[in-house]
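These are my notebook entries on one structure. I set down what I looked up, in order.

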Amino acid sequence: MAEQLSIDILRAQMAQAVAARNATPEVQAPEAPAEEPAKVWATENQQRLIHTMIFERFPAAQAKHMYASLDWTKIRHREFKAIMNELKALPKLPRNLRDKAVVSPEVSLPGDFPHGTYTVQYADDSYKVIRIALQPLDEDFMPGVALIGYQNGPNNKKDFRNFANVRPDGSISFWRRWTQPDLEKALVAVLGAEDGIYTTPEGDRVEVTKSDYCAKCGDVLTAPSTKNPYRDMGYGPECGKKVGLKK
Ligand SMILES: [Zn+2]
């Protein structure tokens with residue numbers, strides 16, 4: 001009964017929040033905090049998941065309020081599923097309308113998740129540069145979350161567009177607006193490569209090279225050796241020339 005009640009309350013809150021979201025940016029003052037927390041069933045990751053899902057669907061101020069009003073001591077498996085279903089049924093806010101002030105707890109990745117910048121090189125000499133990097137904790141957008149991006153311009157430090165993020169459980173959430181099949185393909189190669197080689201289901205050989213740094217200036221090296229003749233010697237195209245290396 002108590003469980004049903006908390007679901008009903010949540011449902012009512014959501015209906016209210018949806019109406020408020022559609023009507024006015026006004027936000028009510030938060031209620032007084034609940035009493036001392038007792039035993040909590042949900043894991044931290046489960047709580048984070050709900051946190052993320054709420055913030056994906058409501059402006060930050062409202063989302064904060066809603067999240068704060070969840071009484072985790074009353075939420076067990078059944079309630080958790082019900083809340084998830086309620087949230088899933090609600091459309092996400094378009095990314096550009098979501099508030100940036102999403103403060104989410106730090107999400108740690110499985111230890112062996114391959115952070116870094118990777119050059120994915122295909123047999124036809126085309127290549128993609130994929131970067132997997134943690135957002136700094138002081139970023140407004142998804143702080144502490146590992147974002148996955150690709151290089152979309154000439155500058156291999158700045159020209160990256162993110163297209164996915166790593167969920168707390170290590171799975172990958174693709175952002176529909178930015179994901180293209182070739183990016184998914186490149187990421188699959190990064191995650192599936194062994195000793196720098198990935199073989200596609202069609203039998204094509206893909207080379208995956210983790211970026212290193214120019215031995216002279218420290219810049220990130222992402223161009224494959226077919227584009228930078230000094231890559232294998234550990235230099236960028238300019239520095240390789242300057243230190244007098246032969247191509
Ligand atoms: Zn250099």
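Which residues is Val120 in contact with, leaving aside its neighbours within four places in sequence? I took two residues to be in contact if their C-beta atoms, placed from the backbone, lie within 7 Å. On that basis I listed Tyr127, Lys128, Ile130, Ala186, Ala189, Val190, Val206 and Val208 for Val120.

I noted that this is a predicted model, in which local features need pLDDT of at least 70, side-chain atom pairs count only at pLDDT 80 or more, and totals for chains, interfaces and linings use all residues. Residues are numbered from 1 along each chain as its sequence is written.

I next looked up the elements, taken as DSSP runs numbered from the N terminus (helices: H or I, at least four residues; strands: E, at least two). The protein chain has 6 helices and 9 strands.

I then turned to the sheet, where two strands pair if DSSP finds at least two bridges between them. An open sheet is formed by 7 strands in the order 5-4-3-2-1-7-6, with antiparallel pairing. Strand 5 (172–174) and strand 6 (197–199) stand at the edges with a single partner strand each, so one side of each has no neighbour in the sheet. Strand 1 and strand 7 pair over 4 bridges in the antiparallel sense, and I found Gln121 opposite Glu207 in strand 7.

Last, I looked up the largest nonpolar core (buried Ala, Val, Leu, Ile, Met, Phe, Trp, Tyr and Cys residues joined through C-beta atoms within 7 Å). A residue is buried if 20 or more other C-beta atoms lie within 10 Å of its own. This core has 22 residues, and Val120, Ile130, Ala186 and Val190 have the most contacts inside it. Helix 5 gives the most to this core, with 5 residues.

Methods
A residue is buried if 20 or more other C-beta atoms lie within 10 Å of its own, exposed if 12 or fewer, and partly exposed in between; C-beta atoms are placed from the backbone.
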